[in-house]
Amino acid sequence: VGSTLYRTWLQYNEVGENGFRGMYRELLGRIVVAGESSGAFAAALRELELGAKSMLGINPEFMNAAPSSGSYLRIGIKTGEASSGDRAVSAWGKEDEAFSLKRFSTDDSIRLELTGGSSSGVLYGVFFLLRAIALGMNPQELAAEETPVNRLRMINQWDNADGSIERGYAGNSIFYEGGEIVQDTSRIRDYARMLASVGINAISINNVNVHEIETRFITEEGLPEVARVADVFREYGIALFLSINFAAPLVIGGVGTADPLDAEVRQWWAETANRIYRHIPDFGGFVVKADSEHRPGPFAYGRDHADGANMLAEALEPHGGLVIWRCFVYNCMQDWRDRSTDRARAAYDHFKPLDGKFRDNVLLQIKNGPMDFQVREPVSPLFGAMTRTNQVLEFQVTQEYTGQQRHLCYLVPQWKQVLDFDTHAVTSGGEVKNIVEGSLFGMKISGVAAVSNIGNDECWTGHPLAQANLYGYGRLIWNPDLSAEEIAEEWARLTFGNQPVVIDKVLHMLMASWSIYESYTSPLGVGWMVVPHYHYGPDVDGYEYSRWGTYHFADRDGIGVDRTVASGTGYTAQYFSPNREMYDSLENCPDELLLFFHHVPYSHRLHSGSTVIQHIYDTHFAGAEAAEGLGMVWSVLKDRVDAERFEAVEARLAEQAEHAKHWRDVINTYFYRKSGVPDEQGRQIY
Ligand code: GCW
């Protein structure tokens with residue numbers, strides 16, 4: 001249902017004969033359901049019915065016992081037991097979410113057996129099967145044995161009760177309107193279905209900046225409303241979390257303090273937890289932004305983050321709930337004249353000393369980089385540094401600093417680099433993906449979370465091609481060993497069909513896009529040259545004399561932040577060897593992060609052979625040209641993609657091409673005027 005824009009990757013287009021239509025019609029014509037289905041199992045059967053009807057034009061016959069002959073699909077849960085509700089949130093067992101697909105073919109029939117570890121496993125298996133059909137896989141070759149790599153696979157909404165979305169670029173919230181949760185939850189259900197189709201199993205539904213109204217979500221009045229949303233997500237095997245206000249006992253509880261060591265405060269949170277679980281028995285837990293960007297936290301009472309997190313964890317523990325405590329803690333009131341404070345150091349400096357002090361149901365949520373979701377950053381040195389604390393890696397699917405869904409920027413390659421980064425915390429196998437997967441350091445629970453990029457736009461994500469980021473996020477954290485190309489190709493086929501030209505062009509555009517965006521906005525890892533607050537468009541000095549700790553230090557001689565041990569902030573020492581030495585050394589530091597770690601003269605020669613200033617000019621000229629090229633590639637697809645989607649993408653690409661020129665000219669002119677060094681090729685600079 002809905003337009004092609006709305007249906008995202010769940011198009012379920014009619015499958016033709018070369019897509020094995022006949023065989024699939026036979027196979028899905030009869031579906032044997034072993035056991036009684038409820039919860040996510042029921043959602044799985046509805047999905048199969050929809051997929052079969054839409055792709056194959058059949059209404060499957062559901063039956064309890066296997067027919068004696070012919071083809072059929074059998075679906076059941078591993079134990080052979082009927083599903084008794086969904087995964088216990090406290091367990092977060094990967095085996096429950098696993099599924100297998102086994103084929104038993106005879107001469108004249110195919111039998112498929114889909115077995116889930118639980119109803120969630122069944123649901124993931126069904127989405128796998130429907131994807132295989134849409135991708136045109138031969139049913140005679142179908143087989144799968146999949147277990148998600150990460151336990152917690154989460155989405156964070158930054159939606160506010162007034163219907164706005166912090167850093168949202170695709171319209172308003174699908175969850176709230178005018179201070180209330182929407183009455184009609186059908187779009188939320190469609191979203192739950194999309195998320196489940198890529199393996200997401202947890203969601204927090206309100207902004208980590210918790211305002212007045214959302215603070216009250218955990219009251220007797222608020223909870224029935226929240227419970228309505230939890231009901232929707234439960235159907236799709238997704239646990240619901242809330243972001244909470246650390247000062248809630250003070251603000252709404254009448255307690256007079258929010259001191260985590262105060263007995264009354266602890267009592268209040270314990271009662272609050274009891275109340276929540278009366279309304280939502282499988283409630284996931286809390287997400288907490290504390291002592292960060294003016295949000296309240298334990299520091300006000302002279303307590304530390306372990307005191308704060310453990311207090312909440314104790315309240316949730318009897319119910320199996322989790323506390324996801326964010327590490328985005330830094331001084332946002334820094335004096336730009338102060339050269340000793342380095343924001344990049346903050347998360348490590350705050351949290352590393354607390355390793356081992358957190359309760360078992362606390363997870364620390366760490367942004368992928370030490371700053372804030374820039375186009376290019378090194379990996380946060382906290383990964384690997386804490387061996388006795390549960391961890392969640394945080395990505396940003398919403399494109400705050402990466403073009404705000406007006407520019408094309410496929411982020412899976414960036415996330416892959418993060419997951420594949422070797423921290424060298426152990427002799428071998430210290431990649432970030434192994435750390436957040438949990439077993440390397442024996443974490444009780446761990447995983448990945450990301451800020452969503454959706455809103456109530458017809459296409460969900462503002463830019464239709466930005467749907468690839470949401471799809472890719474889910475697929476990648478289900479299995480971090482998938483490549484960015486594989487994921488992009490899957491998405492392109494599911495979204496636009498299997499025409500080779502279309503796949504080829506879309507794949508090319510996606511794979512080139514991050515590097516194109518980087519080339520005209522963010523040379524050599526410098527970052528932050530954006531319009532303050534909005535973070536869209538160039539403003540080279542916008543953050544240079546501000547309190548946010550985000551500087552590039554460009555002067556007439558050079559540019560970059562000295563974070564070395566000998567002469568800089570010493571940030572490089574937060575990494576394990578040999579990363580520490582690599583970043584610390586001017587010779588060995590990779591070009592793309594040079595200005596993140598070093599302050600160098602414009603004449604400094606890169607590994608690439610060009611000077612820093614010439615690199616800035618070259619990449620900006622090339623980047624703007626490449627951005628224009630994206631529109632040219634897309635134009636080939638006119639009449640091969642439906643008009644609605646074609647035009648929506650075309651318009652975005654035209655805006656990107658124009659805006660990339662603006663970026664090029666502002667950045668090049670700024671650095672030409674600062675340095676006085678002309679472009680070797682004598683191109684136009686203003
Ligand atoms: O990236 C910054 C954003 C803020 C955001 C904050 C955070 C929700 O600019 O809008 O607040 O990060 O992650 O808490």
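User: What makes the side chain of Lys 289 a polar contact of the ligand?

Analyst: In this predicted model, an oxygen atom of the ligand is 2.6 Å from an N or O atom in the side chain of Lys 289. A polar contact is a pair of N or O atoms within 3.5 Å, so the pair at 2.6 Å qualifies. Taken alone the ligand exposes 340 Å², and the protein buries 97% of that area.

User: How do you know whether Glu 166 and Asn 209 make polar contacts with an oxygen atom of the ligand?

Analyst: The side chain of Glu 166 has an N or O atom 2.4 Å from a ligand oxygen, and for the side chain of Asn 209 the corresponding separation is 3.2 Å. Since the cut-off is 3.5 Å, the Glu 166 pair counts as a polar contact, and so does the Asn 209 pair. Among the 14 residues around the ligand, those that come nearest are Glu 166, Lys 289, Arg 326, Asp 372 and Glu 400.

User: Why is Ile 31 called buried?

Analyst: The relative accessibility of Ile 31 is 0%, and because buried means under 20% relative accessible area, Ile 31 falls in that class. Ile 31 belongs to strand S1, which covers residues 30-33, and, setting aside residues up to four places away in sequence, it touches Leu 48, Pro 60, Glu 61, Phe 62, Met 63, Leu 73 and Ile 75.

User: Why does Asn 206, which lies in a loop, count as buried?

Analyst: Asn 206 is located between strand S10 (202-204) and helix H6 (212-215), yet its relative accessibility is 1%, and because the limit for buried is under 20%, the term applies to Asn 206. Apart from neighbours within four places in sequence, Asn 206 is in contact with residues including Gln 157, Asp 159, Tyr 176 and Glu 214.

User: How do you know that Cys 332 is in no disulfide?

Analyst: The structure holds zero disulfides, and the cysteine sulfur nearest to Cys 332, that of Cys 327, is 16 Å away. A disulfide requires sulfur atoms within 2.5 Å, so a separation of 16 Å excludes that pairing. Cys 332 is nevertheless buried, because its relative accessible area is 7%, and Cys 589 is buried as well, with a value of 0%.

User: What does UniProt place at residues 138-460?

Analyst: An unreviewed UniProt entry gives the feature "domain: Glycosyl hydrolase family 67 catalytic" for residues 138-460. Over this stretch the chain is 25% helix and 15% strand, with its end C-alpha atoms 32 Å apart.

Technical notes: Residues are numbered from 1 along each chain as its sequence is written. This is a predicted model: local features need pLDDT of at least 70, side-chain atom pairs count only at pLDDT 80 or more; totals for chains, interfaces and linings use all residues. Side-chain values use heavy atoms; hydrogens and water are left out. Buried means under 20% relative accessible area, exposed over 50%, partly exposed in between (1.4 Å probe, protein chains only). UniProt positions are given in the numbering used here, feature names are shortened, and annotations may be inferred rather than shown by experiment. Helices (H or I, at least four residues) and strands (E, at least two) are DSSP runs, numbered from the N terminus. Contact means heavy atoms within 4.5 Å. A residue is near a molecule or strand if one of its heavy atoms lies within 4 Å of it. A polar contact is a pair of N or O atoms within 3.5 Å; within protein, one must be able to donate a hydrogen and the other to accept it, and residues adjacent in sequence count only if both atoms are side-chain atoms. Accessible areas come from the Shrake-Rupley method with a 1.4 Å probe; for residues, only the protein chains shown count as cover.
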